[in-house]
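The following exercises are to be worked with the sequence and the 3D structure at hand. Each task is followed by a solution in steps.

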Amino acid sequence: MSNFPSTARVVIIGGGAVGASALYHLAKAGWTDCVLLEKNELTAGSTWHAAGNVPTFSASWSIMNMQRYSTELYRDLGKEVDYPMNYHVTGSIRLAHSMERMWEFERAAGMGRYQGMAIDMCSVNDLKNHYPFLEIHDLAGGLYDPNDGDIDPAQLTQALAKGARDLGANIQRFTPAKGVYRRKDEWVVQTEKGDITCEFVVNAAGYYAQRVAEWFKPYGGRTLPMMVMSHQYLLSEEIPEIESWSKSAGHKLPLLRDVDSSYYLRQEKYGLNLGPYENTCKAAWILEDDPMPEDFSFQLYPDDLDRIEWHIEDAMSRVPLLGKAGISKVINGPIPYAPDGNPLIGPMPGVPNAFEACVFTFGIAQGGGAGKVLAEWIIEGQTEWDMWSCDPRRYTDYTDQDYCNQKGMEVYGNEYAMHFPYHEWPAGRDKKISALHSKILELGGVMGAYNGWERANWFAKAGDDTSLESTHTWSRNGPWEQRIREECEAVRDACGVLNLPGFSRFTLKGDGASDFLRGFCTGALPKIGRMNLIYVADKRGRILTEMSCIRLAEESFMLITAATAQWHDKELIEASVPDNIHFEDVTTLQDTLIVTGPQSREILSKISNADLSLAWLTHQQAEVVDKSVYLLRVSFAGELGWEIHASNNDMPKIYQSLLDQGATPFGMYALNSLRLEKGYRAWKGDLSTDYSMFEGGLDRFVKLDKPQDFVGKSALLNERQQGSGKRFVTLIVDAPEADAPYMSTIWKDDQIVGETTSGGWGYRVNASIALGMVKSELAFENCPVQVEIYGKKYDAVVQKDEPIWDPRNERLRA
Ligand SMILES: Cc1cc2nc3c(=O)[nH]c(=O)nc-3n(C[C@H](O)[C@H](O)[C@H](O)COP(=O)(O)OP(=O)(O)OC[C@H]3O[C@@H](n4cnc5c(N)ncnc54)[C@H](O)[C@@H]3O)c2cc1C
């Protein structure tokens, strides 16, 4: 009798490092009835030829979490599963050619310290001490990460596979999945050896992931956003000086990353491994006459050293020893890229019980953490750390193949680039534009992309420097600063207008809609004719999302959420809304203007028949010029104001009439400043599943005494009794140069006591503001703390628990 399984709880498609890690973590959590299908031998995709570097460094908090976890896992894995493997924790140095780079390192070192890792900043001489063969004359300094290292990727995969098998999980090699279909509430995964019926399917197919995703289209799936790059490293012959140094030191040289020249250089035996991320890069399989082959198992591309000649020469001048050795081997293999370079880990958009763990650019470094995250997604429906940076739902329908190709090449060519706060990457732009786009450009709009939608970040005047180079700074000071100030002042003193295309909007109507919403959100619903904020929590009472809830009739609602939340929130509602309630995503049917400032009523009164005396948080159907609009009396900027929702075609006339009446265009940077002064939280910065509703200071949006049993209620009841460990606060920071970025450490008396969740300059209050979390006992007015911004600690003061601008909302209610 065949022992091929016909049922399983989970089927994972793909046996690279990531698929094996997912299987291992599921099995460790007790889900042993899981099967991994690998079309060839394990590791046949990208894993077998990976260089195996395992850094912890990242500019992203969540990616750093994942990579840190990997290093912790890999240290003991061999012993734990009784599969010894080559894992060398060699440490690494990163070289800085500029002070901007040193600031980046300071920031990552600060995040690392918060995560319990001792990452050190280095002087140029420290670098030389760590790496005696280094040329240092042109360096500004660097960073030493003691946790960095390299692992044999094939051994890692085999160890994870052995661990999973020993726990009872099943691995089927040389068994390609051929397709899937849905039978009742289950998946059937088809193979030549038989079908497997299962509850959950995971696409862990590496660079084949887009192909596998096609099978899910009949069940709500989409084209998976990815492309493939050809990536090379070369191995040098052995170098006697490295051999004698290693032997006398008793260890390998630390891995060297010259990030400003965009390559890494790692000791491999007694030679060196050089891996560049070249700007003159090459996408693979993007041309019609060069499609991805049906099978590329254990294959490589031909060497292409011309492309990386500059990097070879640069590395030879940095470590002249490299020039003494010939090249012994070149590896040129496929490496998948999502448009932002982060992997896809989490629920497959639109498809029930299907998950993704694919498109890993650094799947060896991230594989351990990714397996943990994926297993949590499947078993718990939630993850320990907020993982939005990797959530497949962060992309929506704008990611066509051209976009993926452009962005993938941009990310690869800038793999080690710094991500400055006022910099917008230029590739793949103009995917979604409002009917006002050309007008906004004409007015000087300097644009940014939000869920693919182009919005003005700020408005430049003649002579302002809008070059990309001008944004290469961590400082708030730049050509934009004076303009943002002017825009904020226009909103404060007169009237501003901002076009916000892509606001996610959903309608929900039908008998039972209000009952459904009451059980869906944590708080109360507005009365008819009014609107308020509602929040959705997860089982732990942590913040899943925030929506503006507009009640149109007893059983009819409009829900408005952040542009980037579109697919996330759509799925959240769809997962629990009863069939008899009509739910629709109407995001693209209308566009939005924010009209706000003390003169907004006067301006609107000249061009609208609306009843502008209606109170704050009301809404009405009206006309602006002769166009039908929906007006919401609300302002994220914290001034008297309205949102105008109208059909896309009508917007140019409405916008022009507002300009004619004297409204000043303002942009997203000004809006961010204005909302910080009001303490309004932004989604996936201040509002995330890292925090509970109470930690987030959202107590007034939680109605524990309502009869409905909403998700998270029991956890929140418990937290209410036990007390919250952290508490949301607004801080004023004495930060002259740069504002606190996300996840800057908050200190008190040399102890870490919290972290910022967003920061920026408040032009109405003339102060640097940070929103964040501190230990509850420190969340009181005037508590002095310090905020670490790019390595320096600045004095900060906790503010009273109310908005620092217009605390009683008098301007909003005016
Ligand atoms: C030259 C080079 C150097 C690299 N160096 C590093 C490094 O130093 N550090 C690092 O972290 N990353 C590195 N990477 C990236 C790393 O190789 C990948 O991120 C990682 O291997 C991805 O692992 P994976 O499991 O997601 O995908 P893969 O290893 O590609 O595994 C996917 C598997 O799915 C299987 N599969 C596909 N379709 C099916 C199907 N229908 N049925 C069954 N099985 C299927 C494939 O055969 C394959 O084995 C490097 C990449 C390259 C090209």
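Two residues are in contact when heavy atoms of theirs lie within 4.5 Å. The model is a predicted one.

**Exercise 1. Locate Pro 146 and state which residues it contacts, leaving aside its neighbours within four places in sequence.**

Step 1. Pro 146 belongs to the loop between E6 and strand E7 (150-151).

Step 2. Partly exposed residues have a relative accessible area between 20% and 50%. Pro 146 is at 27% and therefore counts as partly exposed.

Step 3. With neighbours up to four places away in sequence set aside, the contacts of Pro 146 are Val 89, Gly 91, Ala 118 and Ile 119.

Step 4. Arg 394 lies 248 residues from Pro 146 along the chain, and the two C-alpha atoms are separated by 33 Å.

**Exercise 2. Describe helix H3: how many residues does it have, and which of them are buried?**

Step 1. Helix H3 covers residues 99-114, which is 16 residues.

Step 2. From its first C-alpha to its last, H3 reaches 23 Å, close to the 22 Å expected at 1.5 Å a residue.

Step 3. The buried residues of H3 are Arg 101, Met 102, Trp 103, Glu 104, Phe 105, Arg 107, Ala 108, Ala 109, Gly 110, Met 111 and Gly 112.

Step 4. These buried residues pack against helix H2 (61-81) and against several strands, including E4 (92-96), E5 (120-122) and E6 (141-145). Strands E34 (745-748) and E37 (784-789) are also among the packing partners.

Step 5. Glu 100 is also in H3, but with a relative accessible area of 32% it is partly exposed. Not counting residues up to four places away in sequence, Glu 100 touches Met 418, Phe 420, His 472 and Trp 474.

Step 6. Just after H3, Gly 116 has a positive phi of about 90°.

**Exercise 3. Determine which residues come nearest to the ligand, and how the shell around it is composed by class.**

Step 1. The ligand has 36 residues around it, of which Glu 38, Thr 47, Asn 53, Phe 360 and Gly 363 come nearest.

Step 2. By class, this shell holds 20 nonpolar, 14 polar and two charged residues.

Step 3. Consider next the pairs of polar atoms. A polar side-chain atom of Glu 38 is 2.7 Å from an oxygen atom of the ligand. A backbone N or O atom of Leu 37 is 3.5 Å from a ligand nitrogen atom, and a backbone N or O atom of Ala 365 is 2.8 Å from a ligand oxygen atom.

Step 4. The ligand taken alone exposes 1,000 Å², and the protein buries 98% of that area.

Step 5. The elements that give two or more residues to the shell are helix H1 (17-28), strand E12 (227-236), strand E17 (327-337) and helix H9 (363-380).

**Exercise 4. For Ser 673 and Ser 389, decide whether each is buried or exposed, and find a polar contact of each side chain.**

Step 1. A residue under 20% relative accessible area is buried. Ser 673 has 4% and is therefore buried; Ser 389, at 19%, also counts as buried.

Step 2. Ser 673 is in helix H17 (residues 668-678), whereas Ser 389 is in the loop between H9 and helix H10 (401-413).

Step 3. The side chain of Ser 673 reaches the backbone oxygen of Trp 761 at 2.8 Å. The side chain of Ser 389 is joined to that of Ser 62 by a polar contact of 2.6 Å.

Step 4. Not counting residues up to four places away in sequence, Ser 673 touches Cys 488, Trp 761, Gly 762 and Tyr 763.

**Exercise 5. Compare the backbone of Val 359 with that of Val 625: what is the phi of each, and where does each lie?**

Step 1. Most residues other than glycine have a negative phi.

Step 2. Val 359 has a positive phi of about 60° although it is not a glycine. Phi of Val 625 is likewise positive, near 45°.

Step 3. Val 359 lies in the loop between strand E19 (354-358) and H9. Val 625 lies in the loop between strand E29 (619-624) and strand E30 (627-632).

Step 4. At 0% relative accessibility Val 359 counts as buried, whereas Val 625, at 27%, counts as partly exposed.

Methods
Residues are numbered from 1 along each chain as its sequence is written. This is a predicted model: local features need pLDDT of at least 70, side-chain atom pairs count only at pLDDT 80 or more; totals for chains, interfaces and linings use all residues. Side-chain values use heavy atoms; hydrogens and water are left out. A residue is near a molecule or strand if one of its heavy atoms lies within 4 Å of it. A polar contact is a pair of N or O atoms within 3.5 Å; within protein, one must be able to donate a hydrogen and the other to accept it, and residues adjacent in sequence count only if both atoms are side-chain atoms. Accessible areas come from the Shrake-Rupley method with a 1.4 Å probe; for residues, only the protein chains shown count as cover. Ala, Val, Leu, Ile, Met, Phe, Trp, Tyr, Cys and Pro count as nonpolar, Asp, Glu, Lys and Arg as charged, and the others, Gly among them, as polar. Buried means under 20% relative accessible area, exposed over 50%, partly exposed in between (1.4 Å probe, protein chains only). The expected span of a helix is 1.5 Å times one less than its number of residues.
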